[in-house]
Amino acid sequence: MAAQYYLTTGNQKIGPLSEKAIHDGIRAGKISLFDMIFNHQSNEWVMLMQHPDFSDLDAGDDDDANSKNQGHLAVGLISDRMDDEHTLVPANILAENFPSLEPVYWYEKDNNNKRLKYLDVLSLIHAHKLSEQSMLAKQPSGPWQRLIDWDEFSPASLEKYKQASTVNLPDVNIRRKFPRYTVGSVFVAIAHNKGFQVFCPDISKSGLAFLVREQKCSLNDQVILKFANKVTENKFDAKGIVVSVRKVRLPGSDQVYLRYGVKFTHLSESGKAFIKASQQNDAA
């Protein structure tokens, strides 16, 4: 017997549905990868994208373009089966244990009187008004956690939402899972076998940012870093890859700088010690 699924979408409770019906609903834009579906294996409600049967779902993969259900799935109906009155509903699928159908809003800890839709949050990230370390919650009173720690804002979730959405989403890059520590020091960097000094405003366990006044490298370039303003010996503290480049202005200055984001691919023991010291200085 084919698997049957139960989920909630919009203001509707749906089930039982076949796997094909869910695929059709996704392609028709009537079922979201963020809708809640019941996982029979764990006996809990999870987002559709988190269900093992749909974790690799691609909304753009239309393997049945002529499906009679394409664009016409009646998601308001309790079932896509003609004989649903004879279908035995599992005992643990009860009306009272369907998840809440209230829409999900997000709240920023420092501005918790304003509710934000998911796309609002993405727009604020794109405008650099929210960062990976911003504290968010789904209720005005919390519980709060860093934006980067919410599954909904992971790179995989963002990509799946982008595939399933009919809305043009802002370009959002969330890369760092670790807190940033203030540095404010001049470092030495080497790219394309050329050395140059850079100003490093912040650092984390996964990478750092540096500022220069003119272009020194490009996206995906490999760089070698020394956490000092000159090279005194043939040893370096870190290696990394350039993952972002953008123009910025420092506070109180009209000078435009290039800000490079670097993700570490290797850290020496001295590099780890430097980051640990930066953490302690920030905490002091």
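Helices here are DSSP runs of H or I that are at least four residues long, numbered from the N terminus. With that settled, we can walk through this predicted model from the front end.

Helix 1 covers residues 19-27. Just after helix 1 comes glycine 29, with a positive phi of about 75°. Within the helix itself, the buried residues are Ala21, Ile22, Asp24, Gly25, Ile26 and Arg27. For the spacing of such residues, remember that an α-helix has 3.6 residues a turn, so residues three or four places apart point the same way.

Next up is an open sheet. Four strands line up in the order 6-5-7-8, with antiparallel pairing. Its edges are strand 6 (111-116) and strand 8 (145-146), each of which pairs on one side only. Strand 8 is joined to strand 7 (residues 135-137) by two bridges, and the two run antiparallel. Here leucine 136 sits opposite glutamine 145 of strand 8. Lying across strand 5 (106-108), strand 6 and strand 7 is helix 2 (residues 118-126), which runs at about 115° to strand 6.

The loop between strand 7 and strand 8 holds proline 143, and the peptide bond leading into that proline from glycine 142 is cis, with omega near 5°.

Then there's the barrel. It is closed, has six strands in the order 9-10-11-14-13-12, and pairs antiparallel. From one strand to the next, the twist averages 45°. Strand 13 (residues 238-249) and strand 14 (residues 256-267) run antiparallel and are joined by 11 bridges. One pairing to look at is arginine 249 with its bridge partner valine 256 in strand 14.

Two asparagines in loops deserve a look too. As background, most residues other than glycine have a negative phi, and most peptide bonds are trans. Asparagine 193 has a positive phi, near 65°, and asparagine 220 has a positive phi as well, near 75°.

| Residue | Phi | Loop | Relative accessibility |
|---|---|---|---|
| Asparagine 193 | near 65° | between strand 9 (181-191) and strand 10 (194-203) | 79% |
| Asparagine 220 | near 75° | between strand 11 (207-212) and strand 12 (222-226) | 58% |

So are these asparagines buried or exposed? Exposed means over 50% relative accessible area. Asparagine 193, at 79%, is therefore exposed, and asparagine 220 counts as exposed because its relative accessibility is 58%.

Notes
Residues numbered from 1 in each chain as written. Predicted model: local features only at pLDDT ≥ 70, side-chain atom pairs only at ≥ 80, totals over all residues. Heavy atoms only, no water. Buried < 20%, exposed > 50% of the residue type's maximum accessible area, 1.4 Å probe, protein only. Pairing = 2+ DSSP bridges. Contact = heavy atoms within 4.5 Å. Axes fitted to C-alpha atoms, helices over the stretch in contact; angles between N-to-C directions.
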